[in-house]
Amino acid sequence: MLRITPFRATDMLLLELKDAQRMEATVFGDPARALEQAGNGFTIWQHGQGNPRPVFCGGAIERHRDYATCWAAFSVHMSRVPVYVTKRARQFVRELPHARVDAVVQGDLPGGAGWAERIGLAFEARLHAYFPDGQDALVFRRKS
């Protein structure tokens, strides 16, 4: 069973990130508190055996009143992204009131580009050597 709650910084501490996202998360240091203060985030919790655990945290940071950047973090406990998570993220992206909504995906992140497209974003640009290790980033923008 899955449950959605507003995102809190402590949720990110409980989320066991997939290997590919660990490096991406370090680009901006520890962003959890800033992401919580930005608001507009949510956590999806998995309930089952034992205590509930977060399997997804996501949201958007407003850059200015007409521009927001989406972010997402996935748990190692998800072998693939459940349809429910994708639908909720697609709805979230669609409902953002900003004229521009985008997301930055690690260039070699397995499945990252495909998932960005499934939630309503289209490839816009490649940023060469964006990450500290020299990897490229892919920018996706909400489809018109």
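A salt bridge is a side-chain nitrogen of Lys or Arg lying within 4 Å of a carboxyl oxygen of Asp or Glu. The views below show a predicted model.

**View A. The salt bridge between Arg126 and Asp136.** The side chains of Arg126 and Asp136 meet with N and O 3.0 Å apart, which qualifies as a salt bridge because the cut-off is 4 Å. The two residues, 10 apart in sequence, connect distant parts of the chain: Arg126 belongs to strand E6, whereas Asp136 lies in the loop between E6 and E7. Arg126 has a relative accessible area of 41% and is therefore partly exposed, since that class runs between the 20% limit for buried and the 50% limit for exposed residues. Elsewhere, Arg100, Asp102, Glu124 and Arg141 are joined into one network by salt bridges that share partners.

**View B. Glu124 and its two arginine partners, Arg100 and Arg141.** The structure contains 5 salt bridges. In one of them, Glu124 pairs with Arg100, and the closest N and O atoms are 2.6 Å apart. This pair bridges distant parts of the chain, with Glu124 in strand E6 (residues 121–127) and Arg100 in strand E5, 24 residues apart. Glu124 also forms a salt bridge with Arg141, at an N to O distance of 3.5 Å. Here too distant parts of the chain are linked: Glu124 in strand E6 and Arg141 in strand E7 are 17 residues apart. The three side chains can be assigned by accessibility. Glu124, at 35% relative accessibility, counts as partly exposed. Arg141, with a relative accessible area of 33%, is likewise partly exposed. Arg100 has 19% relative accessibility and so counts as buried, because the buried class ends at 20%.

**View C. The largest nonpolar core and the surroundings of Trp115.** This core has 24 residues, and the members that touch the most others are Phe56, Cys70, Trp115 and Leu121. Two or more residues each are supplied by strands E2 (41–46), E3 (53–64), E4 (67–74), E5 (100–106) and E7 (137–142), and by helices H4 (83–95) and H5 (112–118). The largest share, 4 residues, comes from H4. Beyond residues up to four places away in sequence, Trp115 is in contact with Phe56, Ala72, Phe74, Val81, Val85, Thr86 and Ala89. Another core, of 10 residues, lies apart from the largest one and includes Phe7, Met12, Ala32 and Cys57. In soluble globular proteins, nonpolar side chains tend to be buried together.

**View D. Asp11, a buried residue without a salt bridge.** Asp11 is located in helix H1 (residues 9–14). Its nearest side chain of opposite charge is that of Arg8, 6.5 Å away; no salt bridge is formed because the cut-off is 4 Å. The side chain of Asp11 instead has a polar contact with the side chain of Thr43, at 2.7 Å. Residues touching Asp11, apart from those up to four places away in sequence, are Thr5, Pro6, Thr43, Trp45, Pro54 and Cys57.

**View E. Strand E2 between its partners E1 and E3.** Strand E2 is mostly covered, with 5 of its 6 residues buried. Strand E1 (residues 2–6) pairs with E2 in the antiparallel sense through 5 bridges. Within this pairing, Thr5 is opposite Thr43 of E2. Thr5 and Thr43 are both among the residues that Asp11 touches. E2 also pairs with E3 in the antiparallel sense, over 6 bridges. Gln46 faces Arg53 of E3, and Gly41 has Gly59 of E3 as its bridge partner.

**View F. The hairpins that join E2 to E3 and E3 to E4.** The hairpin formed by E2 and E3 has 6 residues between the strands, and Gly50 in its turn adopts a positive phi of about 75 degrees. E3 continues to E4 through a hairpin of 2 residues. The strands E3 and E4 are antiparallel and pair over 8 bridges, and Ile61 stands opposite Thr69 of E4. E2, E3 and E4 are among the elements that give two or more residues to the largest nonpolar core.

Conventions. Residues are numbered from 1 along each chain as its sequence is written. This is a predicted model: local features need pLDDT of at least 70, side-chain atom pairs count only at pLDDT 80 or more; totals for chains, interfaces and linings use all residues. Side-chain values use heavy atoms; hydrogens and water are left out. A nonpolar core is a set of buried Ala, Val, Leu, Ile, Met, Phe, Trp, Tyr and Cys residues joined through side-chain atoms within 4.5 Å. Buried means under 20% relative accessible area, exposed over 50%, partly exposed in between (1.4 Å probe, protein chains only). Contact means heavy atoms within 4.5 Å. Lys and Arg count as positive and Asp and Glu as negative; His and the chain ends are not counted. A polar contact is a pair of N or O atoms within 3.5 Å; within protein, one must be able to donate a hydrogen and the other to accept it, and residues adjacent in sequence count only if both atoms are side-chain atoms. Two strands pair if DSSP finds at least two bridges between them.
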